[in-house]
Amino acid sequence: MKLRCPFLVILTLLYGGISAAVSETVQVPTADTVLTTLDRSHPRLLVKQSDLEHLRQLEKNDPLFKKYFGDVLKQADEYCGRPPLEYIKIGPRLLSVSRECLDRMYALGMAWRLTGEEKYARKAEEDILAVCAFPDWNPSHFLDTAEMSHAVGIGYDWFFSRFSPEVRETVRRGLIEHGMKPGAAAYTGVNGPLSWVKGEFNWNMVCNSGLLIGALAIAETDPEYARIIVPGAVESMPTALASYAPDGAWGEGGYWHYATRYVAYGLSALESALGTDYGLSKAQGLDVSGLFPIYTTGPTGLYLNFADSSENSRRSPMPCMFWVARTFKNTFISDNEHALMAQRGASAQHLVWYVPPSGKEAKKLDLDRRFKGKVDVAVFRSGWGAADLFVGVKGGYNQVDHGHLDLGNFELDALGVRWARDLGSDDYNLPDYWDSEKGGKRWVYYRLNSFSHSVPLLNNKSQDELGRAEFLKFQSKPSSAYAVINLTSAYTPAAKQVVRGIALVGGRRAVLVQDEFELDAPADLTWAMTTDAEITLQGDHAFLKLKGKELIARILSPVGAQFTMESAEQQPPQRTNRGVKRLLVHLSGKTGAVRMAVLLSPQWEKGGVVTKTDVKQLEKW
């Protein structure tokens with residue numbers, strides 16, 4: 001099938017255009033002009049032949065780069081001992097195979113290009129021929145197709161001079177049949193529109209960038225695909241890039257890395273192959289996006305965990321931090337990545353976007369930060385040490401991609417321990433896991449509804465599936481900090497108003513969680529915190545112990561209320577949450593104005609334990 005649609009026809013087919021208004025900084029190319037600046041040599045994607053001498057010099061003269069390259073060689077050697085890739089689905093997904101192929105192509109490719117050792121090219125050829133012989137790349141779950149197109153595009157380009165003409169032809173045919181044809185159809189609407197083309201989050205970035213790399217890899221022999229895919233991707237990507245505005249946050253929480261690494265892949269490929277990213281890198285907030293994972297990682301190394309992040313999601317090395325640092329000349333971000341990698345291994349992509357340490361003294365970061373993205377997040381801390389206090393709280397809306405019913409959820413680190421935690425995602429293959437409409441099956445699952453989260457409960461019901469929450473106040477002072485969030489939308493019509501305040505008190509040595517309700521009719525209220533700690537109850541006090549550390553929870557309001565607790569454990573096929581508990585405060589039949597305030601006091605080894613704090617109306621905070 002030859003696809004030679006003029007670009008204006010493509011836009012017409014694309015249901016009137018992908019977005020109502022592409023950013024003014026983005027110049028969408030036409031089908032006629034998009035390849036006029038194509039570098040027709042190979043390799044041309046991300047690391048060109050002219051870049052290799054620079055990398056070789058780094059390997060000789062930069063001890064840290066040499067160490068990172070050693071890490072990559074170990075990975076490549078391991079891949080050489082693995083069997084060829086097989087067509088194996090997990091549920092509806094081939095995604096694990098696509099990602100394994102991608103990892104192999106980058107590690108084997110960088111190892112071969114910098115050493116010339118034949119074993120790496122031989123293994124890459126075996127694997128790329130294996131996946132090109134698959135019956136398909138599972139276009140029904142298009143991430144699988146996009147990531148495999150990326151992997152095969154990189155392999156074809158990087159090993160072009162090593163592959164025989166027969167191997168190149170086989171790989172090119174596989175890439176076209178399994179990747180480029182379904183990809184082009186996604187933009188032209190041949191088989192109906194695919195939601196990711198107009199999507200706001202990670203699917204947009206992954207699918208567009210994966211297809212870009214595949215199309216650019218074969219653009220001199222099969223230009224018809226690049227003439228559709230490159231303009232289509234450049235038109236589509238601003239819709240998702242807008243999600244970084246205004247300050248680099250990402251509404252899907254832990255999916256920041258997945259989305260941002262594909263921003264880096266796609267824009268790097270455009271620059272290396274065509275000499276321009278068409279202004280996509282000027283998207284608001286992208287330049288400071290590397291601060292989001294830094295600030296939302298607690299002293300324990302665990303992320304502020306929301307939007308289907310994995311359980312106990314922990315920050316690990318992310319090569320796209322180097323890309324952000326290099327693209328926007330921000331060595332603080334790359335230095336932060338180097339510090340994280342001091343005890344960990346590098347990946348091949350760290351070599352692709354390598355930024356040497358600046359040698360500068362690290363700038364002093366603020367203790368508190370509010371991110372005003374599509375999901376508002378506020379984080380506070382007492383310091384940047386491993387044992388310091390940290391609390392994060394989220395707003396936003398419950399229908400965000402991968403969202404849970406968790407508006408106002410908080411997580412708390414202190415003494416090197418995470419005391420208030422989020423359970424993370426459940427199994428994506430559970431029936432109707434993605435049925436997120438009002439009343440959808442998604443909200444039956446414990447980890448996704450409100451009963452597992454540290455949020456208020458009214459009348460023992462989850463938050464409204466369409467609920468939204470906005471920050472009313474955010475303040476940071478040397479000795480204290482707080483945020484106030486309007487949760488009313490999530491509890492209508494049970495409550496006239498629901499507002500939550502989270503504050504660092506007592507010289508930033510304790511956390512106050514305060515909820516205020518306006519109730520027109522009698523309602524049952526619950527304050528809740530999810531924890532791994534062992535809990536001992538004593539009336540209005542609860543004593544928590546975890547990993548040899550202690551924290552005391554105190555009910556400050558209403559007087560006379562008492563703590564209770566329950567297990568968070570569930571039965572299969574849901575994840576069981578073994579050992580996880582819920583610290584609770586129940587109030588029954590309340591009406592009018594009601595306040596619930598709980599003080600969470602870590603038991604600091606050097607004293608200074610906070611036992612009380614003033615409780616006043618949130619409007620007076």
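This briefing walks through confidence, cavities, two buried polar side chains and some unusual backbone spots. The model is predicted, and the protein's mean pLDDT is 94, with 96% of residues at 70 or more. The weak stretch to keep in mind is residues 1-21, where pLDDT stays under 50.

**Confidence**
- Over residues 1-21, the model still has 40 contacts beyond four places in sequence, though pLDDT there is under 50.

**Cavities**
- Searching the whole structure turns up 3 cavities of 30 Å³ or more.
- The largest cavity comes in at about 80 Å³.
- Its lining includes Gly 253, Gly 254, Trp 256 and His 257, along with Phe 292, Pro 293 and Thr 296. Tyr 303, Leu 304, Phe 306, Ser 309 and Met 318 also line the largest cavity.
- Helices α10 (256-274) and α11 (291-295) are the elements that give two or more residues to that lining.
- Sorted by class, the lining of the largest cavity has 7 nonpolar and 5 polar residues, and no charged ones.
- The second largest cavity has a volume of about 40 Å³.
- Around the second largest cavity you'll find Leu 302, Tyr 303, Asn 305, Asn 312 and Ser 313, plus Glu 411, Arg 418, Arg 421 and Asp 422.
- Here the lining does have charge: 4 charged residues, next to 3 polar and 2 nonpolar.
- Tyr 303 turns up in the lining of the largest cavity and in that of the second largest.

**Glu 337, a buried acid**
- Glu 337 sits in helix α13 (residues 331-340).
- Is Glu 337 buried or exposed? Glu 337 counts as buried because its relative accessibility is 0%, and the cut-off for buried is under 20%.
- The Glu 337 side chain reaches the backbone nitrogen of Met 318 at 2.5 Å. Met 318 is also one of the residues lining the largest cavity.
- Beyond its neighbours within four places in sequence, Glu 337 is in contact with Arg 315, Pro 317, Met 318, Pro 319, Met 321, Phe 322 and His 350.

**Asn 449, a buried loop residue**
- Look for Asn 449 in the loop between β6 (417-420) and β7 (457-458).
- With a relative accessible area of 5%, Asn 449 is buried.
- What does the Asn 449 side chain reach at 3.0 Å? That partner is the backbone nitrogen of Phe 451.
- A polar atom of the Asn 449 side chain also lies 3.3 Å from the backbone oxygen of Trp 443.
- Not counting residues up to four places away in sequence, Asn 449 touches Leu 405, Trp 443, Val 444 and Ser 462.

**Backbone oddities**
- Most peptide bonds are trans, and most residues other than glycine have a negative phi.
- Thr 492 and Pro 493 are joined by a cis peptide bond, with omega about 5°. Pro 493 is in the loop between β9 (481-486) and β10 (497-505).
- Another cis bond runs from Pro 572 to Pro 573, with omega near 15°. The loop between β15 (563-567) and β16 (581-602) holds Pro 573.
- Asp 308 isn't a glycine, yet its phi is positive, near 60°. Asp 308 lies in the loop between α11 and α12 (320-328) and is buried, at 3% relative accessibility.
- Asn 459 has a positive phi too, near 55°. Asn 459 is in the loop between β7 and β8 (468-476) and is partly exposed, with a relative accessible area of 32%.

Definitions and conventions: Residues are numbered from 1 along each chain as its sequence is written. Side-chain values use heavy atoms; hydrogens and water are left out. pLDDT is the predictor's confidence in each residue, from 0 to 100. Contact means heavy atoms within 4.5 Å. On a 1 Å grid over the protein atoms alone, a cavity is a set of points where a 1.4 Å probe fits but cannot get out, and a pocket is an open set with protein on both sides within 12 Å along at least five of seven lines; lining residues have an atom within 4 Å of a point. Grid points are joined across faces, edges and corners, and a volume is the space filled by probe spheres set on the points. Helices (H or I, at least four residues) and strands (E, at least two) are DSSP runs, numbered from the N terminus. Ala, Val, Leu, Ile, Met, Phe, Trp, Tyr, Cys and Pro count as nonpolar, Asp, Glu, Lys and Arg as charged, and the others, Gly among them, as polar. Buried means under 20% relative accessible area, exposed over 50%, partly exposed in between (1.4 Å probe, protein chains only). A polar contact is a pair of N or O atoms within 3.5 Å; within protein, one must be able to donate a hydrogen and the other to accept it, and residues adjacent in sequence count only if both atoms are side-chain atoms.
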